[in-house]
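Colleague: I'm new to reading protein models, and the vocabulary trips me up. Could we go through this one together, with me asking how you know each thing?

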Amino acid sequence: MDMRAITSAWVRGWTASRGTPAAVDQPWGYRIDVGLPRHVLRHVLPAPDADTVGALCERLTEPYSWLKVMADAEEVAPWITKGWTIPDDPGFMMVKRLDPGVRPAPPEGYARTVEVRDGVVRVRILAPDGTLAARGQIAPTGATAVADQIETDAAHRRRGLGANVMLTLEAAAAQAGAATGVLSATTDGRQLYGALGWEYRGPLTGIVRGEV
């Protein structure tokens, strides 16, 4: 998959995972009306350039409008205008061929639940005391599936819970018909996903419009 195909798959899966309206095609990529107080909308640009990013920054004046661009922060920073910042850690677009047979056993001493709601697979791992130790979800949308919101509680890290969540999600998405997984990783997450066979395909930078 090239970056445009990866971005398209990511947008479809992300909107399904987050329950937002479907993305609207734009000449530069996609617009998603997210509707959250600190994330009003996002424009996704698979092939950004200085003129397009600069024009969007000038046109979008509503606070907490976001641009998600497939380029390094160092490249993007000179393109943005006053009122916009790059607040996030670097993002990394990653892909993986999914295997329906890799679902592991629940971690020893923990309980795992798998639920499908509105087409989105949600995995939760509970600690012995019943508190949430790790979670994640994946949204299959045909041949691809987007993993999203993978989290492990700080008190339960380095016990393989994140890997267990991911492998469980991957198998469920493959069983639902998806062949390729797509995700956006943080700096910390990239190491976990790389160890599980996910391949880096390109950078992702978030840009946000601040309050006036």
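**How do you know that?**

Modeller: Sure, let's start with Thr20, which is found in the loop between helix 1 (3–18) and strand 1 (24–26). Helices (H or I, at least four residues) and strands (E, at least two) are DSSP runs, numbered from the N terminus. Two ground rules: residues are numbered from 1 along each chain as its sequence is written, and side-chain values use heavy atoms, with hydrogens and water left out. Also, this is a predicted model, where local features need pLDDT of at least 70, side-chain atom pairs count only at pLDDT 80 or more, and totals for chains, interfaces and linings use all residues.

Colleague: What makes Thr20 count as buried?

Modeller: Buried means under 20% relative accessible area, exposed over 50%, and partly exposed in between (1.4 Å probe, protein chains only). Thr20 has 15% relative accessibility, so Thr20 counts as buried.

Colleague: And which residues is Thr20 in contact with?

Modeller: Contact means heavy atoms within 4.5 Å. Leaving aside neighbours within four places in sequence, Thr20 touches Trp14, Thr15, Ile32, Asp33 and Val34 in that sense.

Colleague: Why is the link between Asp148 and Arg18 called a salt bridge?

Modeller: The term asks for a side-chain nitrogen of Lys or Arg within 4 Å of a carboxyl oxygen of Asp or Glu. For Asp148 and Arg18, the closest N and O atoms are 2.6 Å apart, so the pair fits the definition. These two join distant parts of the chain: Asp148 is in strand 10 (residues 144–152) and Arg18 in helix 1, 130 residues apart. With a relative accessible area of 7%, Asp148 is buried, while Arg18, at 37%, is partly exposed.

Colleague: How many salt bridges does the structure hold?

Modeller: Five. Among them, Lys96 and Glu170 meet at 2.7 Å, N to O. That pair also links distant parts of the chain, with Lys96 in strand 6 (residues 91–97) and Glu170 in helix 4 (residues 161–175), 74 residues apart. Both Lys96 and Glu170 are buried. Another salt bridge joins Glu199 and Arg201, whose closest N and O atoms are 3.5 Å apart.

Colleague: What makes Phe92 and Tyr200 an aromatic pair, and how do they meet?

Modeller: Rings of Phe, Tyr and Trp (its six-membered ring) pair if their centres lie within 6.5 Å; planes under 30 degrees apart count as stacked, over 60 as edge-to-face and the rest as tilted. Phe92 and Tyr200 are 6.0 Å centre to centre, with 65° between the planes, and that makes them edge-to-face. Phe92 lies in strand 6 and Tyr200 in strand 12 (residues 199–209), so the pair ties together parts 108 residues apart in sequence.

Colleague: Where does the charged end of Arg190 sit?

Modeller: Over the ring of Phe92, 4.7 Å from its centre, and over the ring of Tyr200, 4.3 Å from its centre. A charge sits over a ring if NZ of Lys or CZ of Arg is within 6 Å of the ring centre and within 35 degrees of the ring normal.

Colleague: Last one: how do you know that the buried residues of helix 2 are on the same side?

Modeller: In helix 2 (residues 50–59), the buried residues are Val53, Gly54, Leu56 and Cys57. They cover an arc of only 165° around the axis, which puts them on the same side of helix 2. The arc is that of the directions from the helix axis to the C-beta atoms. On the other side of helix 2, Asp51 and Glu58 are exposed.
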